[in-house]
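Visitor: I've got a fold open on my screen and a handful of things I'd like to ask about it. Can you walk me through them?

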Amino acid sequence: MPQFPQRLAGRHALVTGGSRGIGKAVAIRFAQEGAVVAINHRNDPDAARETLEALNAATAQAGLPQAAHRIEVGDVSREQDLEAMFAALVSAWGRLDILVNNAGVQSETPGDTMTAEDIGRIIAVNLEGPAMASRIAIRHFLGRPGGGVILNTSSVHQVIPKPGYAAYAMSKAGLGHLTRTLALEFADKGVRVNAIGPGATVTAMNDAWRDDPQKRRAVESHIPMGFAADPEDMAPAYAFLASDEARYITGQSLFIDGGLTLYPDFKHNWSS
Ligand code: NAI
């Protein structure tokens with residue numbers, strides 16, 4: 001008897017940036033729920049191999065027959081890499097049902113020194129990549145019965161400004177509106193598009209504080225629930241939104257953030 005609901009049985013999913021962090025947790029959860037999964041990465045082969053093993057183990061633990069999980073190497077900011085990845089998947093699997101645009105990068109772009117090159121690099125990965133991958137997926141979804149699902153990994157910085165990181169904040173705000181726009185454009189064509197906005201999550205992206213107890217306490221002091229998330233805290237919502245249980249949900253952004261988007265400064269009234 002599988003330990004997890006089998007809401008994604010028979011579905012085929014691509015998770016970009018799936019070698020580690022949030023993407024890895026999502027990929028594993030998808031496999032636990034019965035999906036066949038491809039994890040994409042750009043230059044993270046050792047972690048990707050480990051994740052592939054974890055996917056195979058998840059499938060075995062769920063008591064399911066061996067699945068054709070795969071690794072797809074490619075840079076999501078390069079349209080030709082995306083086209084090649086999709087072509088390889090459709091040729092191997094004959095179909096794709098779920099695209100998770102999760103790969104993302106973050107670096108400082110102070111408002112008084114940022115360059116077009118700095119901004120362009122972040123936008124290319126975090127926003128243009130998801131837009132191009134969505135176009136390729138949507139064409140596939142429209143060309144067959146059943147439609148498909150797109151999930152975008154956004155951030156609390158879709159709505160919360162991030163001083164010093166304007167390009168990152170812009171990219172995530174844009175991803176929120178890409179989500180809403182494509183959701184409306186294809187709502188009557190069987191394509192659902194939603195976003196998940198993580199709060200502070202313990203991944204390599206947060207190397208600056210995750211292993212330093214003092215810095216971590218400082219970060220966590222700003223989170224209403226008092227602790228940073230594990231990637232596994234994100235994964236169940238992706239599985240739900242990818243499944244038919246969410247068949248009437250499109251164009252939404254779900255923030256999974258321990259309360260970060262609740263204006264924590266207002267916890268103790270100071271304004272009246
Ligand atoms: P991570 O750094 O652990 O993982 C990022 C993944 O993206 C890796 O697999 C990496 O190989 C891949 N990647 C990066 N650039 C790529 C490219 N050009 N092409 C293909 N793959 C590429 O980071 P994490 O934290 O798991 O981040 C995943 C997503 O979650 C990102 O979009 C990030 O912006 C978002 N996020 C993370 C938060 C956090 O606190 N960790 C908070 C809010 C959002």
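Visitor: Which strands each supply at least two residues of the lining of the second largest pocket?
Guide: Keep in mind that this is a predicted model. The second largest pocket has a volume of about 250 Å³. The residues closest to its centre are R11, G146, G148, V149 and D244, out of 17 that line it. As for strands that each give at least two residues to that lining, look at residues 148-153 and 191-198, which are β5 and β6.

Visitor: What is the make-up of that lining, in nonpolar, polar and charged residues?
Guide: Glycine goes with the polar class here, and two of the residues closest to the pocket centre are G146 and G148. Sorted that way, the lining of the second largest pocket has six nonpolar, four polar and seven charged residues.

Visitor: In what order do the elements of the protein chain run from the N terminus on?
Guide: The chain has seven helices and seven strands to place. Start at the N terminus and read along, and the order is β-α-β-α-β-α-β-α-β-α-β-α-α-β.

Visitor: How does the radius of gyration of the protein chain sit against the globule rule for 272 residues?
Guide: The globule rule gives 19 Å for 272 residues, and the chain comes close to that, so it is as compact as a globular protein of that length. For a sense of extent, the C-alpha atoms fill a box of roughly 55 × 40 × 40 Å along the principal axes. The radius of gyration itself is 18 Å.

Visitor: Among contacts between residues at least 6 apart in sequence, what percentage join residues at least 24 apart?
Guide: Some background on the chain: buried residues make up 48% of its 272 residues. Its accessible surface is about 13400 Å², with 54% of that belonging to carbon and sulfur atoms. Now take the contacts between residues at least 6 apart; the share joining residues at least 24 apart is 75%.

Visitor: Is T51 buried or exposed?
Guide: T51 sits in helix α2, residues 45-61. Beyond its neighbours within four places in sequence, T51 is in contact with G18, S19, K24 and I39. The cut-off for buried is under 20% relative accessible area, and T51 has 0%, so it is buried.

Visitor: What about T109, buried or exposed?
Guide: T109 belongs to the loop between β4 (98-101) and α4 (116-142). Skipping residues up to four places away, it touches M114, D118, I122, G164, Y165, A166 and A167. Its relative accessible area is 1%, so T109 is buried.

Visitor: How far apart are the C-alpha atoms of W209 and I196?
Guide: W209 is in the loop between β6 and α6 (213-220), and its relative accessible area of 10% makes it buried. Leaving aside residues within four places in sequence, its contacts are A200, T201, V202, K215, R216, V219 and A228. I196 is 13 residues away along the chain, and the C-alpha separation is 23 Å.

Visitor: And how far apart are the C-alpha atoms of M205 and S107?
Guide: M205 is also placed in the loop between β6 and α6, and at 38% relative accessibility it counts as partly exposed. Not counting residues up to four places away, M205 touches G104, V105, Q106 and Y168. S107 is 98 residues away along the chain, yet the two C-alpha atoms are separated by 9.6 Å.

Visitor: Which residues does S243 touch, not counting residues up to four places away in sequence?
Guide: S243 is in the loop between α7 (235-242) and β7. A relative accessible area of 1% puts it in the buried class. With residues up to four places away set aside, the ones it touches are R7, L8 and R192.

Visitor: One last backbone item: what is phi of Y263 near?
Guide: Y263 lies in the segment after β7 (253-256). Exposed means over 50% relative accessible area, so at 62% Y263 counts as exposed. Its phi is positive, in a residue other than glycine, and near 55°.

Note on methods: Residues numbered from 1 in each chain as written. Predicted model: local features only at pLDDT ≥ 70, side-chain atom pairs only at ≥ 80, totals over all residues. Heavy atoms only, no water. 1 Å grid on protein atoms, 1.4 Å probe; cavity = no way out; pocket = protein on both sides within 12 Å on 5 of 7 lines; lining within 4 Å. Points joined across faces, edges and corners; volume = space filled by probe spheres on them. Helix = DSSP H or I, 4+ residues; strand = E, 2+ residues; numbered from the N terminus. Rg over C-alpha atoms; globule rule 2.2 N^0.38 Å. Buried < 20%, exposed > 50% of the residue type's maximum accessible area, 1.4 Å probe, protein only. Contact = heavy atoms within 4.5 Å. Areas by Shrake-Rupley, 256 points an atom, 1.4 Å probe, with all protein chains shown as cover.
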